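Colleague: I would like a close look at one part of this model. Please start from a single side chain and work outwards.

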Amino acid sequence: MIKINQNYLKLRGSYLFSNIAKKVSAFTEAHPEANIIRLGIGDVTRPLTPSIIKAIHDATDEMASEQTFKGYAPDLGYSFLRETIAKNDYEARGCDIAADEIFVSDGAKCDSGNIQEIFSEDSKIAVCDPVYPVYVDTNVMAGRTGVFDEKTEQWSDVIYMPCTEATGFAPELPEKTPDIIYICSPNNPTGSAMKKADLQKWVDYANEKKAVIIFDAAYEAYISEDDVPHSIYECKGARTCAIEIRSFSKNAGFTGVRLGFTVIPKDLKDADGNSLHALWARRHGTKYNGAPYIIQKAGEAVYSEQGKAEIRGLVSYYMENAKMILDGLKEAGFSVSGGVNAPYIWLKTPDNMTSWEFFDYLLEKVNIVGTPGSGFGPSGEGYFRLTAFGSHENTKAAVERIKGLK
Ligand code: MLT
């Protein structure tokens, strides 16, 4: 007899971005003439840069030779990449993270979804509201979220930390004590970013409560302000309470080739002294065969001098879009935030429209796709997210179209 995981039946509708894609394709079918500008999902549009393409070609050639062919990758990642990451992302920022505390993977989405597997089913999770939906949905799948309340649109067993205009779109320490705290900074979706002193408060809190912080730093390359930390390990005490997740998608444009990594310090243990590092290594080894050699070589190229210069170019290209959107929408009278340390702009919907009403309005009136804030959680209602990942031309056109609405 087939018996399914009943938790999956609790999931609400389809995944946010699949839902949007469905709506947009229905609209395009009905209006084939529409010139749609997509600023919804945070997917990059610039091609991979020359040093990355060269690394991919060279590694592909290695695969064609009997002498240099590679089979399975080491499940935790090739040491050439783990060492390069440790040196550039951590040592260079004064963080005490060793190469063997870095687990290479095929991306931050999978890691942020899978990491909850190593925690007990009754662990209490705390999430920002609005939140990247993967954190909540994967905990629903794991049976950790309780019952969904249609009125409040909240799960009974989840601790929500509202990030609203009143809190500067930052989470505040929760009243109930969580076991697992998800923090994404720079933030998806609001584009806000935590200052170092604020993040230090969370690290101190987590150590005091013996909780773990899952710190999603997928957007760290977009940080432009000095007092915003690039890694949680810049904070004192983070080695005993934090897991960090990183991505090559948003900085180097790897959304289509997939590469990311998770850091679990060896000092991170549960109350009985069990090592989370060892558990994740066991899990990774059992369920994962390693990111492809070709892509790990591409990842290494991101840290070459030429690679770094190219990545700076990509980031500033997208941040010019962010500025275009921020300035343009402000000029048009919108209340906007984000876009300074992140490629996301968070705006208040006009005329008290709900997030989905504004989604339909923009799609129908000016053929622009964005992401409804309420798709990220109840505190996102009345907000809307635009990404800076479009082309300059499309971003400029989108801003002009939105201005024309006013
Ligand atoms: C987003 O639009 O929020 C991101 O593209 C989602 C992701 O990176 O998985």
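With which side chain does the side chain of Thr190 make a polar contact? Please go on from there to the surroundings.

Modeller: The partner is Ser192: its side chain makes a polar contact with that of Thr190, at 3.0 Å. Keep in mind that this is a predicted model.

First, the position. Thr190 is in the loop that runs between strand E7 (180–184) and helix H6 (196–209). Is Thr190 buried or exposed? Its relative accessibility is 1%, and buried means under 20%, so Thr190 counts as buried.

Next, the neighbours. Set aside residues within four places in sequence. Thr190 is then in contact with Pro130, Phe169, Ser337, Gly338, Tyr344 and Trp346. These contacts lead to two strands. Ser337 and Gly338 fall in strand E11 (residues 336–338). Tyr344 and Trp346 fall in strand E12 (residues 344–348).

Take the E11 and E12 side. The two strands pair in the antiparallel sense, over three bridges. Ser337 stands opposite Trp346 in E12. Both of these residues are in contact with Thr190. Gly338 has Ile345 of E12 as its bridge partner. The hairpin of E11 and E12 has five residues between the strands. In that hairpin, Gly339 takes a positive phi near 75°.

E12 is mostly covered, with four of its five residues buried. Strand E15 (residues 383–387) also pairs with E12, antiparallel, over five bridges. Here Lys348 stands opposite Tyr383 in E15. Together, four strands form an open sheet in the order E11-E12-E15-E14, with antiparallel pairing. Its edge strands are E11 and strand E14 (371–372), and each pairs on one side only. Helix H11 (residues 355–366) lies across E12, E14 and E15. H11 runs at about 45° to E15.

Now go back along the chain from Thr190 to E7. E7 belongs to another open sheet. It has seven strands, in the order E2-E10-E9-E8-E7-E3-E6, and the pairing is mixed. The edge strands are strand E2 (102–105) and strand E6 (158–162), each of which pairs on one side only. From one strand to the next, the twist averages 20°.

Follow the pairing out from E7. E7 and strand E8 (residues 212–216) are parallel, over five bridges. Ile180 stands opposite Val212 in E8. Next, E8 pairs with E9, again in the parallel sense, over four bridges. There, Asp216 stands opposite Ile245 in E9. The join from E9 to E10 is antiparallel, with four bridges. Glu244 has Val263 of E10 as its bridge partner.

E9 deserves a pause. Six of its six residues are buried. Ala242, Glu244 and Arg246 point one way from E9. Ile243, Ile245 and Ser247 point the other way. The buried residues of E9 thus include Glu244 and Arg246 as well as Ile243 and Ile245.

Two helices also meet this sheet. Helix H5 (residues 133–141) lies across strand E3 (125–129), E7 and E8, and runs at about 145° to E3. Helix H8 (residues 276–287) packs on the sheet as well, touching E2, strand E9 (242–247) and strand E10 (260–263). The direction of H8 makes about 25° with that of E2.

Last, the core. Nonpolar side chains tend to be buried together in soluble globular proteins. The largest nonpolar core here has 123 residues, and Ile181 and Ile213 touch the most other members. Helix H10 (residues 305–331) gives the most to this core, with nine residues. The core draws at least three residues from each of domain 1 (8–46 + 306–403) and domain 2 (53–304).

Ile181 brings us back to E7. Beyond its neighbours within four places in sequence, Ile181 is in contact with Ala126, Met161, Trp202, Tyr205, Ala206, Ala211, Val212, Ile213 and Ile214. Among them is Ile213, named with Ile181 for touching the most other core members.

So much for the tour. Thr190 sits in the loop after E7, and its contacts include Ser337 and Trp346, which stand opposite each other in E11 and E12.

Technical notes
Residues numbered from 1 in each chain as written. Predicted model: local features only at pLDDT ≥ 70, side-chain atom pairs only at ≥ 80, totals over all residues. Heavy atoms only, no water. Buried < 20%, exposed > 50% of the residue type's maximum accessible area, 1.4 Å probe, protein only. Polar contact = N/O pair within 3.5 Å; in protein donor to acceptor, adjacent residues only side chain to side chain. Contact = heavy atoms within 4.5 Å. Core = buried A, V, L, I, M, F, W, Y, C linked by side-chain atoms within 4.5 Å. Domains from an automatic or database assignment. Pairing = 2+ DSSP bridges. Axes fitted to C-alpha atoms, helices over the stretch in contact; angles between N-to-C directions.
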